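Welcome! Below are some short exercises to help you find your way around a new structure. Have a look at it first, then try each task before reading the solution.

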Amino acid sequence: MSDGQPSGRPRGPAGRPLLSLALIEMMEGVHAHSGGVYLLAEDEPVLEMAVIAGLPRSFAAPWERVGLSTRVPVADAAREGRLVWVGDEEEMASRYPRVAVVLPYPFALAALPLATDTTVYGAVFVTWPGSHPPELPDRERDQLAAACRRLALRLERLAEDRLPLPREPDLPGARLVGGVAGTLGSVAAVRMAARLPFGLCSLDLHGRIGFANPAAAELIGVPVSRLLGTQLWAAVPWLNDPVYEDRYRAALISQQITSFVALRPPGDWLSFRLYPDRDGLSVRIGTARALAEPGRGGPDGGGTPPRLVTISQVLGLAGALTEAASVQDVVQLVADEVAPAVGAQAVVLLTARAGRMQVLGHRGYPDTEIVERFDGTPLSEPTPGVQSLNSAVPAFYTSREQLERLYPARLATPDGFAAWAYLPLIASGRPVGTCVLAYAERHPFPTEERAVLTSLSGLIALALERALLYDAKNQLAHGLQAALLPSSLPPLPGVDAAARYLPGTRGMDIGGDFYDLVAARGTAAAVIGDVQGHNVTAAGLMGQIRTAVRAYTTVGQPPHEVMRSTNRLLIELGSDLFASCLYLRLDPARGRAVMARAGHPPPLLRRPDGQVRVLDLAGGPLLGIDAAAAYPTTEVELVPGSVLVLYTDGLIESPGVDIEDALTGLGDRLRRAGHLPLDELAEALMGRGTAEGERPDDVALLVLRATG
């Protein structure tokens with residue numbers, strides 16, 4: 001393969017630990033304490049971990065297979081063909097928050113591509129303890145680049161010779177060579193350790209106990225014979241806690257001394273101090289002073305603070321955010337779920353639109369004007385919100401003094417808070433906004449917390465992206481629906497009218513229900529219908545039908561012809577959708593109404609004496625089914641004071657309710673409220689349950705009262 005394109009994994013000579021030896025030589029040359037080699041898979045753009053040294057493979061389990069497009073250092077190095085340097089834990093939290101959440105420890109990392117001039121074979125990473133200088137020295141940079149180049153050339157030769165490259169075991173330690181003490185010296189060391197008054201044990205890189213003195217066994221309460229060869233937290237039940245295992249991981253990765261205290265039942269506190277090197281850990285165990293108020297943090301406060309957000313909380317937050325539909329839903333969920341979980345007291349969601357900052361929503365601010373005055377701020381203004389939107393880099397301000405020193409303009413707009421986290425919201429590779437978390441008191445934002453907050457911002461970003469799309473579609477749907485339905489009803493001689501429309505609560509809040517009033521040649525016509533479906537297609541077809549009915553009415557076609565012409569038009573349009581329809585030609589002067597029905601629910605008629613009946617009209621099939629269908633008409637008496645109610649099936653159909661019972665209920669409401677003004681009558685017929693509850697279907701209602 002040429003032109004710098006990634007190549008599949010090459011094969012090499014059997015029995016030669018090529019990758020392991022090259023990795024160890026590389027690590028020894030720059031005094032790194034761990035590292036790994038990734039090779040590109042043969043048939044997919046995925047990096048697979050081939051060998052790791054200095055750390056257990058389990059530490060890198062989330063990244064055993066890494067897609068080339070994934071935002072992790074080795075993938076960036078292979079994809080972009082450059083060295084990736086991460087100098088400390090803060091930089092890791094900022095650039096690679098998903099890595100920092102799993103490994104929130106002080107260490108430095110370099111990742112380099114394994115590539116020749118024409119082919120990419122994979123990538124290498126090496127790590128140093130947190131004490132490494134924040135910048136990679138030129139000597140180490142050059143040594144790493146040269147070593148990766150040599151390894152890539154050897155892989156190229158193996159590929160050309162079609163030689164297999166066997167799988168190599170991981171290396172338990174990072175040293176290329178090492179001395180072994182003589183037998184007499186080893187015995188003397190064991191005897192010396194046995195005489196010590198405190199516990200002492202040795203762990204390998206996998207946490208397995210290789211040595212424990214009698215004092216350690218006595219303090220822990222487990223015989224030495226049961227400790228050897230096991231992991232400390234597996235052999236001792238009261239140490240079987242992720243918090244304690246985390247201290248072991250922290251010591252190995254950071255190569256710094258760590259410690260914790262643990263409660264040995266029923267009430268004895270023990271201190272554990274871990275001394276790491278590149279081959280494992282030495283653990284010193286002793287008694288700790290008693291606690292006034294026992295807690296996991298230990299009597300001297302030197303233990304590990306609890307994680308900011310637990311795995312169960314993250315899953316809960318993710319589940320809650322998936323339920324958010326609109327932008328305001330997201331704002332409320334962040335305020336209700338995320339802010340309390342991370343100790344924040346207020347939240348703001350920002351986005352950029354038309355070159356200006358837009359405040360999408362906020363919660364927790366005593367003075368809302370303080371937040372809202374930033375709405376519309378040009379993206380050229382020097383404010384922390386604008387900077388976050390422009391840079392897409394998280395920013396943490398631990399105090400008001402720090403924020404005001406960087407942004408003096410904030411002196412004039414204090415919001416009453418003392419610390420802030422500005423989290424860019426990146427979804428699908430693009431910025432969708434910024435989440436601002438505000439704290440009532442100064443907040444240090446340690447590295448692990450920054451990593452957690454940055455990762456949580458990814459969940460918020462996905463929810464906000466969906467919500468922005470939902471709101472845009474919703475706005476489009478409402479605009480389209482409003483354009484297709486009459487904005488007002490025309491005045492008609494001898495007839496008063498009122499109408500209502502409610503979209504369904506599922507889908508896009510748009511449907512095919514419609515109604516209209518048409519004045520033509522001394523008479524009037526009313527129509528109501530329902531196109532199958534709840535989408536833009538249904539709404540568009542509804543607009544065509546409504547326009548067709550108006551046109552056929554205006555040219556003077558009688559009711560049955562209006563229905564036949566509309567039916568033929570719908571079939572000629574080639575749509576797969578059907579429509580129900582009810583058409584009325586009103587003649588108030590004669591007190592008559594002529595009706596034609598196409599598969600539509602029957603109208604209700606309330607007479608002036610209050611009696612209500614369902615009009616049993618002749619009719620034809622749904623529009624759009626049979627081009628030869630006929631639609632007979634029925635003439636109904638419409639004396640002054642009579643009320644006609646036309647509706648779509650969404651008003652009377654609901655899950656678990658018999659349609660006959662629903663129709664009876666509608667008639668009862670008409671009987672009781674028929675004397676009310678039409679607008680009040682329309683509200684009464686819609687019912688509170690219809691207006692406020694869950695609606696699987698949209699609802700249209702047209703109420704006509706003959707006035708003579």
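**Exercise 1. Find the residue that follows helix H17 and give the sign of its phi.**

Solution. Go to the end of H17 and read on to Gly556, where phi is positive, near 95°. Keep in mind that you are looking at a predicted model.

**Exercise 2. Compare the reach of helix H17 with the expected span, then work out which elements its buried residues pack against.**

Solution. Step one: H17 covers residues 536–554, which is 19 residues. Step two: from first C-alpha to last the helix reaches 27 Å, close to the 27 Å expected at 1.5 Å a residue. Step three: pick out the buried residues of H17, which include Ala538, Leu541, Ile545, Arg546, Val549 and Tyr552. Step four: look at what surrounds them. The buried residues of H17 pack against helices H16 (447–484) and H18 (559–572), and also against strands E19 (512–520), E20 (523–531) and E21 (579–587).

**Exercise 3. Locate the largest nonpolar core and explore the contacts of Leu239.**

Solution. Start with a general idea: in soluble globular proteins, nonpolar side chains tend to be buried together. Here, the largest nonpolar core holds 64 residues, and Val236, Leu239, Phe272 and Ile285 have the most contacts inside it. Helix H10 (residues 242–254) gives the most to this core, namely seven residues. Apart from this core there is another one, of 52 residues, with Phe514, Leu517, Leu570 and Ala596 among them. Now zoom in on Leu239: once neighbours within four places in sequence are set aside, its contacts are Leu232, Trp233, Tyr244, Phe260, Ala262 and Phe272.

**Exercise 4. Is Thr398 buried, partly exposed or exposed?**

Solution. First place the residue: Thr398 sits in the loop between strand E15 (395–397) and helix H15 (400–406). Its relative accessible area is 26%. Buried means under 20% and exposed means over 50%, so Thr398 counts as partly exposed. Next, check what it touches beyond four places in sequence: Ala418, Ala419, Arg442, His443, Pro444, Phe445 and Arg450. Finally, Thr398 and Glu441 are 43 residues apart along the chain, yet 8.9 Å separates their C-alpha atoms.

**Exercise 5. Describe the largest cavity and the second largest cavity by volume and lining.**

Solution. Begin with the count: there are four cavities of 30 Å³ or more. The largest cavity contains about 260 Å³ of space. Its lining has 18 residues, with Trp63, Val99, Leu103, Leu109 and Phe125 nearest the centre. Sorted by class, this lining has 16 nonpolar, two polar and no charged residues.

Turn now to the second largest cavity, with about 210 Å³ of space. Of its 17 lining residues, Val348, Val371, Phe374, Arg410 and Tyr422 are the closest to the centre. This lining divides into twelve nonpolar, three polar and two charged residues.

**Exercise 6. Which element gives the largest share of the lining of the second largest pocket?**

Solution. The second largest pocket contains about 640 Å³ of space. Among its 21 lining residues, Arg71, Pro97, Ile426, Ala427 and Gly458 lie nearest the centre. Two or more residues come from each of helix H3 (89–95), helix H4 (97–102), E16 and H16. The largest share, six residues, belongs to H16. By class, the lining has eleven nonpolar, seven polar and three charged residues.

Conventions
Residues numbered from 1 in each chain as written. Predicted model: local features only at pLDDT ≥ 70, side-chain atom pairs only at ≥ 80, totals over all residues. Heavy atoms only, no water. Core = buried A, V, L, I, M, F, W, Y, C linked by side-chain atoms within 4.5 Å. Buried < 20%, exposed > 50% of the residue type's maximum accessible area, 1.4 Å probe, protein only. Helix = DSSP H or I, 4+ residues; strand = E, 2+ residues; numbered from the N terminus. Contact = heavy atoms within 4.5 Å. 1 Å grid on protein atoms, 1.4 Å probe; cavity = no way out; pocket = protein on both sides within 12 Å on 5 of 7 lines; lining within 4 Å. Points joined across faces, edges and corners; volume = space filled by probe spheres on them. Nonpolar A, V, L, I, M, F, W, Y, C, P; charged D, E, K, R; others polar. Expected span 1.5 Å × (residues − 1).
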